[in-house]
Amino acid sequence: MSSALANEQAVPEAELALQPLLPPGSRILRSRRLSDTEAEIWVESRGGSSPVVMRLNASGRWEQDMNATLARGASQMQALARQQTASLPPGFGQTAPDQPPPPLVPSLLQTTQAASSLIPPVDREQETQRALSGAGRADPFVPQNVRAPEPQIVLPPLPPPPVLPPPGDGNGAPVAVATPIPTPTPDPAAFARSVQVSGMIQIGGESFALVSGPGVIPSVVQAGQNYQTARVAGVSVPERRVVLSEGGETVVKTMQDTTVIVGAP
């Protein structure tokens, strides 16, 4: 299959496999086939759109490739940085000659790929057959090593429980009863606390961050936008942190061991 023809084809099977994984309120915009075993699906969620990479596994089923999805998000941020930098005057924001050059750091794409170590998927049916063949059983439902029934022992009936007097200390005073442990209330900012910051970039006077949450598609956000149930209150590239607001609480998430891309001031 040629690459030009593959990029123009929609992949309804991959869209159908991704649909149950999307958070509420999200919808699929479009899809295209990247190769015989890869497809790219654009998803709209809370006013923003992000790409999701799906991969065809050995059993012929489509599943999300989280490593490739994070790489696509990092490439999107770098493309935005190049587009913004190309519109600036020549020499704008460059380091002065008397200052030492900045230290070399790995690219955001390399750091994101190194941090995204996923367990490769396995085929459930093949693993079951392999386990049964190693155990020497063709049918797991056939009883094995059936034992004779144990003889039943008849025990005499238990005596009735004694009748206890009403609670008291003997003088008519009531006995204190232990107070039940209160049920913990749910955390109103549970989602904001689970968000992780994978990358940050500063272009001109605007700051962007690549964030992700459990079971949620990674997205590039900036201050004033919503990410699922949390609102992005601020993005600070120099302080390497993102401030989220949810349920009346403020949560500060700090990015560590991840590349920060700083464009022109």
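This briefing walks through the fold, the cores, the strand pairings and the salt bridges of the structure above. Keep in mind that the model is predicted. The protein has six helices and 12 strands, and buried residues account for 29% of its 265 residues. Two nonpolar cores, an open sheet of four strands and a set of eight salt bridges get most of the attention below.

**Overall numbers**

- About 18200 Å² of the protein is exposed, with carbon and sulfur atoms supplying 57% of that area.
- If you look at contacts between residues at least 6 apart in sequence, 47% of them join residues at least 24 apart.

**The nonpolar cores**

- In soluble globular proteins, nonpolar side chains tend to be buried together.
- Here the largest nonpolar core has 19 residues, and the members that touch the most others are Met200, Val211, Tyr227, Val242 and Leu244.
- Five elements put at least two residues each into this core: helix α6 (190-194), plus strands β5 (196-203), β6 (206-212), β9 (230-236) and β10 (241-246).
- Strand β9 gives the largest share, with three residues.
- Zooming in on Val211, and skipping its neighbours within four places in sequence, you find contacts with Val195, Gln196, Val197, Pro218, Ser219, Val221 and Tyr227.
- A separate core of 12 residues lies apart from that one, and its members include Ile28, Ala39, Ile41 and Ile217.

**The β5-β6 hairpin**

- Strands β5 and β6 run antiparallel and are joined by seven bridges.
- Across that pairing, Met200 sits opposite Ala209 in β6. Met200 is also one of the core members that touch the most others.
- Strand β5 is mostly covered, as seven of its eight residues are buried.
- The hairpin leaves two residues between the strands, and Gly204 there takes a positive phi near 65°.

**The open four-stranded sheet**

- The strand order is β1-β2-β3-β4, and the pairing is antiparallel.
- Its edges are β1 (27-33) and β4 (62-64), each of which pairs on one side only.
- From one strand to the next, the twist averages 30°.
- At the β4 edge, three bridges pair that strand with β3 (residues 48-56) in the antiparallel sense.
- Within this part of the sheet, Met54 stands opposite Gln64 in β4.

**Thr69**

- Thr69 is part of helix α3, which covers residues 66-86.
- Is Thr69 buried or exposed? Its relative accessible area is 2%, under the 20% cut-off, so Thr69 counts as buried.
- Leaving out neighbours within four places in sequence, its contacts are Pro51, Val52, Val53, Gln64 and Pro218.
- Two of those names come up elsewhere: Gln64 is the residue that faces Met54, and Pro218 is also in contact with Val211.

**Salt bridges**

- Side chains of opposite charge can pair when their charged atoms come close.
- How many salt bridges does the structure hold? There are eight.
- Glu40 and Arg32 form one of them, at 2.9 Å from N to O.
- The two partners sit in different exposure classes: Glu40 is buried because its relative accessibility of 2% is under 20%, while Arg32, at 30%, is partly exposed.
- Arg55 and Glu38 make another, with an N to O distance of 2.5 Å.
- That pair links distant parts of the chain, with Arg55 in strand β3 and Glu38 in strand β2 (residues 38-45), 17 residues apart.
- Arg55 has a relative accessible area of 30%, so it falls in the partly exposed class.
- Arg193 and Asp187 meet in a salt bridge too, at 2.6 Å, N to O.
- Both of these partners are partly exposed: Arg193 has a relative accessibility of 39%, and Asp187 has 35%.
- Shared partners also tie Arg32, Glu40 and Arg72 into one salt-bridge network.

Methods: Residues numbered from 1 in each chain as written. Predicted model: local features only at pLDDT ≥ 70, side-chain atom pairs only at ≥ 80, totals over all residues. Heavy atoms only, no water. Buried < 20%, exposed > 50% of the residue type's maximum accessible area, 1.4 Å probe, protein only. Contact = heavy atoms within 4.5 Å. Core = buried A, V, L, I, M, F, W, Y, C linked by side-chain atoms within 4.5 Å. Pairing = 2+ DSSP bridges. Axes fitted to C-alpha atoms, helices over the stretch in contact; angles between N-to-C directions. Salt bridge = Lys/Arg side-chain N within 4 Å of Asp/Glu carboxyl O. Areas by Shrake-Rupley, 256 points an atom, 1.4 Å probe, with all protein chains shown as cover.
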